[in-house]
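Hi everyone, thanks for coming. Let me put today's structure up on the screen so we can walk through it together.

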Amino acid sequence: MSFLEFLLLLLVAYYVIYVLLWIVLDCNVALWFKSKFGVSLSSMRGQVVWITGASSGIGRSLALSLARHGVRLVLGARRVEQLEVVQEECLAAARGLLATKDVLILPMDMLQLQRHESNLFTVLNHFDRLDVLVNNAGRSQRASWTDIEIEVDRELFELDVFSVVHLTRLVVRYFIEQNGGRGHVAATSSIAGFGPVPFSATYCAAKHALNAYLLSLKLEMRKLDVTIFAPGPIATDFLQEAFTGEQGAKYGQSTANQKRMTADRCGELFAVALANKMDLTWCGLFPVNLLAYCARNPTLTKILGQFMTEQTLNKIREGKL
């Protein structure tokens, strides 16, 4: 065997192994590697992490994952009763690493932009610092492209994009004033933010826009850590609150008995991404993870498009395939 043939064999073996990992793993390879050999979550002990949308779903699970390692938390959401439950769960998960004062309940509505600054002051007055902002609040969507009212487009963008950008700008300014631009901002995006899916046009567009905002921020501020966490289908109650095509309507469906990653596993992976200050990561059960890799490659996306109908893609994203 010549040296050139040997190199070619190594290259083929590399790609075969890589594709097998896409199939076997429930997240991108870099995130899996960091979960096994990267920085431990305990490195974040004592840091203050502000999570919006923390009353349920991914936000709640992320809070629990961080609490287990002594990370101080700001739990932000509209539903105070649910936040109180999450606070108790976090204190129990911390097993003595956190006191009640270390898990702050912050009643807030992301759409009330005029209160964002006072929300930030509340956090700073309580902890005298902020290390990480996690923009997790938001809503999904289920609707045909042609049936979506323009008012729904505007409302979804207000919540999933503009409110996030507004709060993030305030926090980034704080990082600039206090730390010379050093800090960490993160957002719950979606695989739909770089690989569009059918029947969620506004949501896909919003997540693309959010990703672009954050990537642009990273280009301008090299000292700032920016994490975009993009989950696939997760077993939460988010479809209950999802937008449809009609203004004021909610999808109101359950994710029960669907093939979805658990919220707890998603929260664990999100915490790993934060601890290791990763830029773009994603997670999802097969075949979602494989399709996410393909979505990052225009050629593979075009090839898959020849074999998968919109109905097939929708079944995958709904955990029915």
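I'll talk about one strand and its neighbours, then the cysteines, then a patch on the surface.

Quick housekeeping: this is a predicted model, where local features need pLDDT of at least 70, side-chain atom pairs count only at pLDDT 80 or more, and totals for chains, interfaces and linings use all residues. Residues are numbered from 1 along each chain as its sequence is written, and side-chain values use heavy atoms, with hydrogens and water left out.

Okay, let's start at strand β5, residues 183-188. Helices here are DSSP runs of H or I with at least four residues, strands are runs of E with at least two, and the numbering goes from the N terminus. Is β5 mostly covered or mostly open? Mostly covered: six of its six residues are buried. Buried is under 20% relative accessible area, exposed is over 50%, and partly exposed is in between, using a 1.4 Å probe and protein chains only. That goes for both faces, with G183, V185 and A187 on one side and H184, A186 and T188 on the other.

So who sits beside it? Two strands pair if DSSP finds at least two bridges between them. Strand β4, residues 132-135, runs parallel to β5 and is joined to it by four bridges. If you want a spot to look at, find N135, opposite A187 in β5. To get from β4 to β5 the chain goes through helix α6, residues 150-179, in a right-handed β-α-β crossover. Right-handed means that, with the strands pointing away from you, the path from the first strand over the helix to the second runs clockwise.

There's also strand β6, residues 224-231, which pairs with β5 in the parallel sense over six bridges. Here T188 stands opposite F229 in β6. With helix α7, residues 201-220, β5 and β6 make a right-handed β-α-β unit.

Now, cysteines. How many disulfides are there? Zero, if we ask for a pair of cysteine sulfur atoms within 2.5 Å. Take C266: its closest cysteine sulfur is in C283, 4.1 Å away, so that's too far for a bond. C266 is buried, with a relative accessible area of 0%, and C283 is buried at 0% too.

Last stop, the surface. L8, in helix α1 (residues 3-24), is exposed, with a relative accessible area of 53%.

That's my tour, thanks!
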